[in-house]
Amino acid sequence: MSKKRGLSVEEKRTRMMEIFFETKDVFQLKDIEKIASKEKGITTMSVKDILQSLVDDGMVDTDRIGTSNYFWAFPSKALHTRKSKLEELQNQFSDYCQKKKDLEESIKQSKIGRQDTAERAALIKELSALQQKKDHLKKEVDKYKECDPDIVEEIRQANKIAKEATNRWTGNIATLKSTGKIKSR
């Protein structure tokens, strides 16, 4: 016995779109459920989910009139959607081609004057040596950073604020003890 396998979601979506394109009509949900189950083999339980996915993707239009929801999709809209998407992609492609061309030109321009010469090699070597010296001097400065007058002044200010806060809390505790709000041990 062979088991009948169910339709995939994509097959259901394709068959649902066939309903709209073949009839070129406007439907309510109950009408679509009947047609889909009888003519296209889509189970009634999955029609609403498939239809909602088509609406979410912009392939089927929907509108609420009074208390009823109506659904429709016409082949001309699908064609128009594909054409506009194609046009958008062609525009992007041409933009990217232009950017590529500009970048290649920029690379050519930047290579001018960068031929490997003895003078260039010497300058690169000198630059490397100077960068190493700069890094070494920066490390030396960092060693003595704690003696920097600005940092020493910041530490003094922080100590002053901490001392004031300590005195304030000590005073608050003494006040609470004298009023009997807290008991000393």
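**Notes on the predicted model: salt bridges, a pocket and some distances**

1. Let's start with K40 and E18: their side chains are joined by a polar contact of 3.1 Å. Keep in mind while reading that this is a predicted model. That pair also qualifies as a salt bridge, with 3.1 Å from N to O. K40 sits in the loop between α2 and α3, E18 sits in helix α1, and the two are 22 residues apart, so the pair links distant parts of the chain.

2. Is K40 buried or exposed? K40 comes out at 11% relative accessibility, and because the cut-off for buried is under 20%, this lysine counts as buried. Its partner E18 has 31% relative accessibility and therefore counts as partly exposed. If you have the viewer open, the loop that holds K40 runs between α2 (29–39) and α3 (44–56).

3. What else does K40 touch, once residues up to four places away in sequence are set aside? The list is L7, R15, E18, I19, E22 and I35. So the salt-bridge partner E18 turns up among the contacts of K40, and R15 is in that list too.

4. On to the salt bridges as a set. The count comes to seven, and I'll go through some of them here. E140 pairs with K143, the closest N and O atoms being 3.4 Å apart. Both belong to helix α5 (residues 118–143), and because they are three residues apart there, about one helical turn separates them. E140 is partly exposed at 27% relative accessibility, while K143 reaches 55% and counts as exposed.

5. Helix α6 (residues 149–179) has a pair with this kind of spacing: E153 and R156 are three residues apart, which means about one helical turn lies between them. They form a salt bridge, and here the closest N and O atoms are 4.0 Å apart. The cut-off for a salt bridge is within 4 Å, so this is a pair to look at if you care about how the rule is set. As for accessibility, E153 is partly exposed with a relative accessible area of 37%, and R156 counts as exposed at 54%. Elsewhere, salt bridges that share partners join E10, R13 and D57 into one network.

6. R13 deserves a point of its own. This arginine is found in helix α1. Like K40, R13 is a basic residue that counts as buried, at 12% relative accessibility. Leaving aside neighbours within four places in sequence, R13 is in contact with I50, S53, L54, D57 and M59. D57 thus appears both in the contact list of R13 and in the salt-bridge network with E10 and R13.

7. Now the largest pocket. It holds about 180 Å³ of space. Which elements give two or more residues to its lining? They are α1 (9–23) and α4 (75–111). The largest share, four residues, comes from α4.

8. Residue by residue, the lining of the largest pocket is made up of M17, F21, D57, G58, M59, A73, F74, K77, A78, T81 and R82. By type, that lining divides into six nonpolar, two polar and three charged residues. D57 and M59 are worth a second look: both line the largest pocket, and both are in contact with R13.

9. Finally, two distances between C-alpha atoms for anyone who wants to check the overall layout. L127 lies in helix α5 and counts as partly exposed at 48% relative accessibility. The C-alpha atoms of L127 and V26 are separated by 75 Å, with their positions 101 residues apart along the chain. L86 lies in helix α4 and is partly exposed, with a relative accessible area of 47%. From L86 to D102, 16 residues apart along the chain, the C-alpha separation is 24 Å.

Note on methods
Residues are numbered from 1 along each chain as its sequence is written. This is a predicted model: local features need pLDDT of at least 70, side-chain atom pairs count only at pLDDT 80 or more; totals for chains, interfaces and linings use all residues. Side-chain values use heavy atoms; hydrogens and water are left out. Buried means under 20% relative accessible area, exposed over 50%, partly exposed in between (1.4 Å probe, protein chains only). A polar contact is a pair of N or O atoms within 3.5 Å; within protein, one must be able to donate a hydrogen and the other to accept it, and residues adjacent in sequence count only if both atoms are side-chain atoms. Contact means heavy atoms within 4.5 Å. On a 1 Å grid over the protein atoms alone, a cavity is a set of points where a 1.4 Å probe fits but cannot get out, and a pocket is an open set with protein on both sides within 12 Å along at least five of seven lines; lining residues have an atom within 4 Å of a point. Grid points are joined across faces, edges and corners, and a volume is the space filled by probe spheres set on the points. Ala, Val, Leu, Ile, Met, Phe, Trp, Tyr, Cys and Pro count as nonpolar, Asp, Glu, Lys and Arg as charged, and the others, Gly among them, as polar. A salt bridge is a side-chain nitrogen of Lys or Arg within 4 Å of a carboxyl oxygen of Asp or Glu.
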